[in-house]
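Here are some worked exercises to try with the structure open beside you. Have a go at each task before you read its solution.

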Amino acid sequence: MADKLIPLTLEQHQQVLYEIVYMVDDFCKAHDIPYFLVGGSLLGAVRHQGIIPWDDDVDIAMTRDNYERFLELFHAEGVEGYTLYDYKHTKGYMMPFAKMTKTRSWSSQWETSKINIDIFVYDGCGDVLEEAQEYFLRNREEIQRISTLGGPFNKVYDYWKSKVYYFLFTMPREIFTFLPLRLCRSKREKYLKDWYDNHTYYDLNTVKYCACVVWGRYGKGEVQLSEGFLKLDKMRFGTRELPVPSGWHEYLTGIYGDYMAVPPEDKRHSHLNEPSCLVE
């Protein structure tokens, strides 16, 4: 019998995100792995005590040593109903950060086609602020260029997917992915392997400044004092209190400015092109 897709409202989609992040929270507590909310999820914790009402994803992060340990332990033990995607363990996955997904779900968000949360890794950037910011921007540009080869094809597909019924584009998606882009995807895999095998990271524990070097989105204001991410506080996030960096105010100011100002309604966008679904 074919699987049945049950469309979700944004609020129901957010409840699935809470399920995923709470599972990760339980796993990390059981294995003594520190992590913390970042980006829009940290902003949501501060401003809304949970996911931003119009948002559809959750972002968490770990220092590199904890990130690598988390990947190894989760792939070794697993949790029923959830799948972890990351470059080192998942063939064909080409993003430089991990995604934790609810296995029996579907989502139009890119890469896994499942409802997921992002798990980023934080590295050191250096001891002098200006040099640390330059290092961050240079490496961010390089890894994002590698990870988005073939982007124009993806954007064309995403545009049309949002305009017509999804099933009409199932076959074109296969053609885009596996024929003209096959060589391009192969290049991405090679570049990412070279990056992971040969790139030298600063140890966040021993340098003054840090950031999400492999996928920073917010500019040089994301480079912050390492000590603000080594000591953690707790904040309400839905029905739980989850870890946040102790330097959360400086971080949010660096990337958002006046982070407590709520944007006008026409600026409140989600990533989803169409409703996500649970698979029955």
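**Exercise 1. After the helices**

Which residue follows α2, and what is the sign of its phi? Then find the residue that comes just after α1 and compare notes.

Solution. Keep in mind that this is a predicted model.
- Step 1: the residue following α2 is glutamine 49, and its phi is positive, near 60°.
- Step 2: place it. Glutamine 49 sits in the loop between α2 and β3.
- Step 3: check its surroundings. With a relative accessible area of 42%, glutamine 49 is partly exposed, as partly exposed covers values between 20% and 50%.
- Step 4: turn to α1. Aspartate 32 comes just after this helix, with a positive phi of about 55°, and belongs to the loop between α1 and β2.
- Step 5: aspartate 32 has a relative accessibility of 61% and therefore counts as exposed, the cut-off being over 50%.
- Step 6: why note these angles? Most residues other than glycine have a negative phi. Aspartate 32 is not a glycine, and glutamine 49 is likewise a residue other than glycine with a positive value.

**Exercise 2. The length of α1**

Work out what span helix α1 should have, and set it against the distance between its end C-alpha atoms.

Solution.
- Step 1: α1 covers residues 10–31, which is 22 residues.
- Step 2: the expected span is 1.5 Å times one less than the number of residues, which gives 32 Å for α1.
- Step 3: the end C-alpha atoms of α1 are 32 Å apart, so the two values agree.

**Exercise 3. The surroundings of α2**

Is helix α2 largely enclosed or largely open? Identify what its buried residues pack against.

Solution.
- Step 1: take residues 39–48, which form α2; nine of these ten residues are buried, so the helix is largely enclosed by the rest of the structure.
- Step 2: the buried ones are Gly39, Gly40, Ser41, Leu42, Leu43, Gly44, Ala45, Val46 and Arg47.
- Step 3: look for their partners. They pack against the strands β2 (36–37), β3 (59–63), β10 (232–237) and β11 (240–245), and against helix α9 (248–256).

**Exercise 4. Strand β5 and its partners**

Find the strands that pair with β5, and decide whether threonine 101 is buried or exposed.

Solution.
- Step 1: five of the five residues of β5 are buried, so the strand is largely enclosed by the rest of the structure.
- Step 2: sort the side chains by direction. Ala98, Met100 and Lys102 point one way, while Lys99 and Thr101 point the other way.
- Step 3: β4 (residues 82–85) pairs with β5 through four bridges in the antiparallel sense; here tyrosine 85 stands opposite lysine 99.
- Step 4: β7 (residues 116–126) also runs antiparallel to β5, joined by four bridges, and its asparagine 116 is the bridge partner of threonine 101.
- Step 5: threonine 101 has 0% relative accessibility and so counts as buried. Beyond its sequence neighbours up to four places away, the residues it touches include Ile20, Tyr82, Tyr85, Lys114 and Asn116.

**Exercise 5. An open sheet**

What is the strand order in the three-stranded open sheet, and which strands stand at its edges?

Solution.
- Step 1: the order is β1-β12-β6, with antiparallel pairing.
- Step 2: β1 (5–7) and β6 (105–106) each have a single partner strand, so they stand at the edges and one side of each lacks a neighbour in the sheet.
- Step 3: β6 pairs with β12 (residues 277–279) over two bridges, in which serine 105 has leucine 278 as its bridge partner.

**Exercise 6. Aromatic rings**

How many aromatic pairs are there, and why is the pair of tyrosine 85 and tyrosine 93 tilted?

Solution.
- Step 1: the count is 15 aromatic pairs.
- Step 2: the ring centres of tyrosine 85 and tyrosine 93 are 6.1 Å apart and the planes meet at 45°, so this pair is tilted. Both tyrosine 85 and tyrosine 93 are buried.
- Step 3: Phe36, Tyr122, Phe229 and Tyr251 are linked by ring pairs into a cluster.
- Step 4: finish with a charge over a ring. Arginine 268 lies over the face of tryptophan 54, 4.8 Å from the ring centre.

Methods
Residues numbered from 1 in each chain as written. Predicted model: local features only at pLDDT ≥ 70, side-chain atom pairs only at ≥ 80, totals over all residues. Heavy atoms only, no water. Phe/Tyr/Trp six-rings, centres within 6.5 Å; stacked < 30°, edge-to-face > 60°. Buried < 20%, exposed > 50% of the residue type's maximum accessible area, 1.4 Å probe, protein only. Lys NZ or Arg CZ within 6 Å of the ring centre and 35° of its normal. Contact = heavy atoms within 4.5 Å. Pairing = 2+ DSSP bridges.
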